[in-house]
Amino acid sequence: PEAKRQRARVEADLESLRRRPEGIGAGELDCATGLLLWIRKDPARAREFLALAVEKSPTLEEAYEAMAALEMEQGNYEESVLWCTRGVQTDLGYLPHLEGRADARLAWGHASPQDAPSHFAKAVEDFTESLTRDDTRDRPFQGRGVARSSLGQFRSAIQDFDEALKRSPRSYEARFGRGLAWWGWGAQLQDRDQNFTDSYARAIEDFSKAIELNPDHNGAWFM
């Protein structure tokens, strides 16, 4: 219900903007129209207007970001990466483009197992680049932790989730991610006939905390 109310508010705001476009550029108006069409689940027309927005306003960051997110939602991961790359080239300091590209590469890797290591490694590079610009937020640490876990680099992933939790102690996503990393590390130790019980215990502790922070987290309950 809350999501529907939020969507209705966004629709109303965007419709109002379209009716009273004074003071905004043509590209911004097309971007608003594209977002409205996306919300109304018309991705083909949304794509047309967002592309127009970029054509009219080549430095409009929101249009690149929206187009990349739309393509990722549609499962067009390569296109999403390309749009994020164009955004990065337009404004290197705008971190959502860099982190959005990393997210797209993560999704692409999970959707294409044969090329997964390459996509995950590039995601690590993007999150690392983001951290060189701003290491005060939990998001790039958490994202890099997910990418490193996907590569089987569980010890490094745990360190990233540790840093994410220092910045956002109540992040159930970071707790769950660290739990998965501890679980993966335990499995690697078990395969090597080394002591793994502490790793599994830490994983259970993190899964339990994730459930405490978000009782509806099905993944943590499953683990």
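**Aromatic pairs between helices α10 and α11**

Thank you all; I would like to begin with the count, which is that the structure holds five aromatic pairs, and I should say at once that we are looking at a predicted model. Let me take one of these pairs in detail, namely Phe 176 with Phe 207, whose rings are tilted, with 5.7 Å centre to centre and 50° between the planes. Phe 176 belongs to helix α10, which covers residues 172–191, while Phe 207 belongs to helix α11, residues 197–213, so this contact ties together parts of the chain that are 31 residues apart in sequence.

Turning to accessibility, Phe 207 is buried, with a relative accessible area of 3%, and Phe 176 is buried as well, at 16%, which falls in that class because buried means under 20%.

Phe 207 also has a part in another pair, this time with Trp 183, where the geometry is again tilted, at 6.5 Å centre to centre and 50° between the planes. Here too the pair links distant parts of the chain, since Trp 183 sits in helix α10 and Phe 207 in helix α11, 24 residues apart. Trp 183, for its part, is partly exposed, with a relative accessible area of 31%.

To put these residues in their wider setting, Phe 176, Trp 183 and Phe 207 join Phe 196 and Tyr 200 in one aromatic cluster.

How values were computed: Residues are numbered from 1 along each chain as its sequence is written. This is a predicted model: local features need pLDDT of at least 70, side-chain atom pairs count only at pLDDT 80 or more; totals for chains, interfaces and linings use all residues. Side-chain values use heavy atoms; hydrogens and water are left out. Rings of Phe, Tyr and Trp (its six-membered ring) pair if their centres lie within 6.5 Å; planes under 30 degrees apart count as stacked, over 60 as edge-to-face and the rest as tilted. Helices (H or I, at least four residues) and strands (E, at least two) are DSSP runs, numbered from the N terminus. Buried means under 20% relative accessible area, exposed over 50%, partly exposed in between (1.4 Å probe, protein chains only).
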